[in-house]
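Student: I would like to learn how to read a structural model feature by feature. Could you take me through one, giving the general idea and then the case at hand?

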Amino acid sequence: MANFTAIRVEFGSGIPEIPINFTASCGFAQGTMDLSWTDVSDNENSFRIYRSTNGIDFVYVNSVAENVNTFIATSVVNFQQNWFRVSAYNTEGESGYAQTGPLDCLWITQPTIAWMPRIRRLGRRTLGRFPR
């Protein structure tokens, strides 16, 4: 009779899939951009968001929890081109990147105008008062 030893091999869940349908649009609030993507992984721990102003050098901005598929980027400057990319991340590693860009936005602020009515004298009557 032969002796057999059972060996159990466990594999990790693997690196998550790259998010798809990644879009960026100018946000409603001044200085913001709204990012969204479709989550196609079932094994991510978070999504990592990166930003670039030249499309080459990306800087980590923030991360959001698993199954979250939106992010509002702040500190966006008028007429400055921005590229964004997002990746899925877990303990096995980071997926490839879904990327957008370039996108630049313009937010127009309404100026505050101080207006005071002028009262002028016209002969004996003064505008803004009832006659006597």
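**Reading loops, strands and surface**

Tutor: We can begin with a loop residue: Ile108 is found in the loop between E8 and strand E9 (121-122). Please keep in mind throughout that this is a predicted model.

Student: Is Ile108 buried or exposed?

Tutor: The general idea is to compare the relative accessibility with a cut-off, and exposed means over 50%. Ile108 has a relative accessibility of 75%, and therefore counts as exposed. Ile108 also belongs, with Phe79 and Leu106, to a nonpolar patch on the surface, whose accessible area together is about 380 Å².

Student: Where does Phe79 lie, and what is its phi?

Tutor: Phe79 is placed in the loop between E5 and E6, and its phi is positive, at about 60°, although Phe79 is not a glycine. Because its relative accessibility is 57%, Phe79 counts as exposed.

Student: Which residue other than glycine in the loop between strand E5 (70-73) and strand E6 (82-90) has a phi near 60°?

Tutor: Ser75 has a positive phi near 60° and is not a glycine, and its place is in the loop between strand E5 (70-73) and strand E6 (82-90). With a relative accessibility of 60%, Ser75 counts as exposed.

Student: How should I read a sheet, and what is the strand order of the open sheet of three strands?

Tutor: One reads the order of the strands, then the sense of their pairing, and then the residues that face each other. Here the open sheet of three strands has the order E1-E2-E5, and the pairing is antiparallel. Its edge strands are strand E1 (20-26) and E5, each of which pairs on one side only, and from one strand to the next the twist averages 15°.

Student: How many bridges join E1 and E2, and which residues stand opposite each other?

Tutor: E1 and E2 pair over five bridges in the antiparallel sense; among the opposite positions, Cys26 faces Met33 in E2, and Thr23 faces Ser36 in E2. The two strands E1 and E2 form a hairpin, with six residues between them, and Gly31 in the turn has a positive phi of about 80°.

Student: How many bridges join strand E2 to E5?

Tutor: Strand E2 (residues 33-38) is joined to E5 by four bridges, and the two run antiparallel. Opposite Ser36 stands Thr70 in E5, while opposite Leu35 stands Phe71 in E5. Ser36 thus serves as a good place to follow the sheet across, with Thr23 opposite it in one pairing and Thr70 opposite it in the other.

Student: Which side chains along E2 point to one face, and which to the other?

Tutor: The side chains along E2 alternate: Met33, Leu35 and Trp37 point to one face and are buried, whereas Asp34, Ser36 and Thr38 point to the other and are not buried.

Student: Which peptide bond is cis, and where does its proline lie?

Tutor: The angle to read is omega, and the peptide bond from Gly101 to Pro102 is cis, with omega near -10°. Pro102 lies in strand E8.

Student: Lastly, what does Gly96 touch, not counting residues up to four places away in sequence?

Tutor: Gly96, in the loop between strand E7 (93-94) and strand E8 (98-103), touches Ile18, Val86 and Ser87 when residues up to four places away in sequence are not counted. The C-alpha atoms of Gly96 and Val86 are separated by 8.4 Å, and the two residues are 10 residues apart along the chain. Gly96 is partly exposed, with a relative accessible area of 31%.

Notes: Residues are numbered from 1 along each chain as its sequence is written. This is a predicted model: local features need pLDDT of at least 70, side-chain atom pairs count only at pLDDT 80 or more; totals for chains, interfaces and linings use all residues. Side-chain values use heavy atoms; hydrogens and water are left out. Buried means under 20% relative accessible area, exposed over 50%, partly exposed in between (1.4 Å probe, protein chains only). Contact means heavy atoms within 4.5 Å. Two strands pair if DSSP finds at least two bridges between them. Axes are lines fitted to C-alpha atoms, for helices over the stretch in contact, and angles run from 0 to 180 degrees between N-to-C directions. Patches are made of residues with over 30% relative accessible area and no salt bridge: like charges are joined within 9 Å, nonpolar side chains (Val, Leu, Ile, Met, Phe, Trp, Tyr) within 5 Å. Accessible areas come from the Shrake-Rupley method with a 1.4 Å probe; for residues, only the protein chains shown count as cover. A salt bridge is a side-chain nitrogen of Lys or Arg within 4 Å of a carboxyl oxygen of Asp or Glu.
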